[in-house]
Amino acid sequence: MKIEDLNYNAFSERELKPYSKRAPDFSGRFIRWFLENIYRLEEIDADDACVDAKHDKGVDAIYVDDVAETVYIIQAKTKIKDSAEFGDTEIKEFFGTLQQFDSKNKIDEVYSETKNDKLKQTIARTGLASKVDSGYDVLGIFISNARANDDAKAILAKLPKIKHL
């Protein structure tokens, strides 16, 4: 897939139509497409992983891979304008988001503070706090249909816990 294939109109038309009943907006559809096509999740598992809504603490999806003992915290930044880029600000904000999930105590705090029921359910259903406490790695996955500018590329090179796809 070429970068221009991810442009808002082309990608919406070609790839995201089947997701329109499962997510109300481009970002929600994009995340589900990503989880199903990149991580190869089943439809129900992709939907369960998505927590994107008000009070989501900066998280759009949480996927726990028990085989690899890795927790993936996923953030999507989508753009409508085909020539749009994202910069280091978005990456720095996401880095802050990841810090909320690097220990059992912090995850327990997120659970008790959030008003997002989907986030609470995902934390509880996956046993997230105990898995992180037992040594699961926590990695950030930053996905976008926009290009990373030079500032974003520079900060990503310094943050090995964040992967840009």
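Are Glu36 and Arg22 buried or exposed? In this predicted model, Glu36 is buried, and Arg22 is buried as well. The report starts from this pair and its salt bridges, then turns to the sheet, the helices that pack and two residues with unusual backbone angles.

## Salt bridges

Side chains of opposite charge can pair when their charged atoms come close. In this structure the count of salt bridges comes to ten. One of them joins the side chains of Glu36 and Arg22, with an N to O distance of 2.5 Å. This pair links distant parts of the chain, since Glu36 belongs to helix 2, residues 26-37, while Arg22 sits 14 residues away in the loop between helix 1 (8-16) and helix 2. Arg22 has a relative accessibility of 19%, and it therefore counts as buried, the cut-off for that class being under 20% relative accessible area.

Arg22 also forms a salt bridge with Asp47, where the closest N and O atoms are 2.9 Å apart. Because Arg22 lies in the loop between helix 1 and helix 2 while Asp47 lies in helix 3 (residues 43-49), this pair ties together parts that are 25 residues apart in sequence.

Another salt bridge is made by the side chains of Asp66 and Lys131, at 2.9 Å from N to O. Asp66 is placed in the loop between strand 1 and strand 2, and Lys131 in helix 7 (residues 128-133), so that this pair ties together parts lying 65 residues apart in sequence. With a relative accessibility of 42%, Asp66 counts as partly exposed. Elsewhere, salt bridges that share partners join Arg22, Arg32, Glu36, Glu43 and Asp47 into one network.

The three pairs described here are set side by side below.

| Salt bridge | N to O distance |
|---|---|
| Glu36 and Arg22 | 2.5 Å |
| Arg22 and Asp47 | 2.9 Å |
| Asp66 and Lys131 | 2.9 Å |

## The sheet

Four strands form an open sheet with mixed pairing, and their order across the sheet is 1-2-4-6. Strand 1 (61-65) and strand 6 (162-164) are the edge strands, each of them pairing on one side only. From one strand to the next, the twist averages 25°.

Strand 1 and strand 2 run antiparallel and are joined by five bridges, and within this pairing Tyr72 in strand 2 is the bridge partner of Tyr63. Although strand 1 is an edge strand, it is mostly covered, with five of its five residues buried. Ala61, Tyr63 and Asp65 point one way from the strand, whereas Ile62 and Val64 point the other way, and all of these residues are buried.

Further across the sheet, strand 4 (residues 137-144) and strand 6 run parallel, with three bridges joining them. Here Gly140 stands opposite Ile162, which belongs to strand 6. Helix 4 (residues 88-99) lies across strand 2 (70-77), strand 4 and strand 6, and it runs at about 150° to strand 4.

## Two helices that pack together

Two packed helices are described by the angle between their axes and the distance between the axes. Helix 5 (residues 104-113) packs with helix 6 (residues 117-126) at an angle of about 145°, and their axes are 9 Å apart. The crossing of helix 5 past helix 6 is left-handed. On the helix 5 side, the residues in contact are Ile107, Val110, Tyr111 and Ser112, and these meet Leu119, Lys120, Ile123 and Ala124 of helix 6. Sorted by class, this contact holds six nonpolar residues, one polar residue and one charged residue.

## Two residues with positive phi

Which residue takes a positive phi in the hairpin of strand 1 and strand 2? That residue is Glu69, with a phi near 50°, in a hairpin that has four residues between the strands. The value is positive even though Glu69 is a residue other than glycine. At 43% relative accessibility, Glu69 counts as partly exposed.

Arg40 likewise is not a glycine and has a positive phi, of about 60°. This residue is found in the loop between helix 2 and helix 3, and Arg40 is exposed, with a relative accessible area of 61%.

Methods:
Residues are numbered from 1 along each chain as its sequence is written. This is a predicted model: local features need pLDDT of at least 70, side-chain atom pairs count only at pLDDT 80 or more; totals for chains, interfaces and linings use all residues. Side-chain values use heavy atoms; hydrogens and water are left out. Two strands pair if DSSP finds at least two bridges between them. Axes are lines fitted to C-alpha atoms, for helices over the stretch in contact, and angles run from 0 to 180 degrees between N-to-C directions. Contact means heavy atoms within 4.5 Å. Buried means under 20% relative accessible area, exposed over 50%, partly exposed in between (1.4 Å probe, protein chains only). A salt bridge is a side-chain nitrogen of Lys or Arg within 4 Å of a carboxyl oxygen of Asp or Glu. A crossing is left-handed if the near helix is turned anticlockwise from the far one by less than a right angle, and right-handed if clockwise. Ala, Val, Leu, Ile, Met, Phe, Trp, Tyr, Cys and Pro count as nonpolar, Asp, Glu, Lys and Arg as charged, and the others, Gly among them, as polar.
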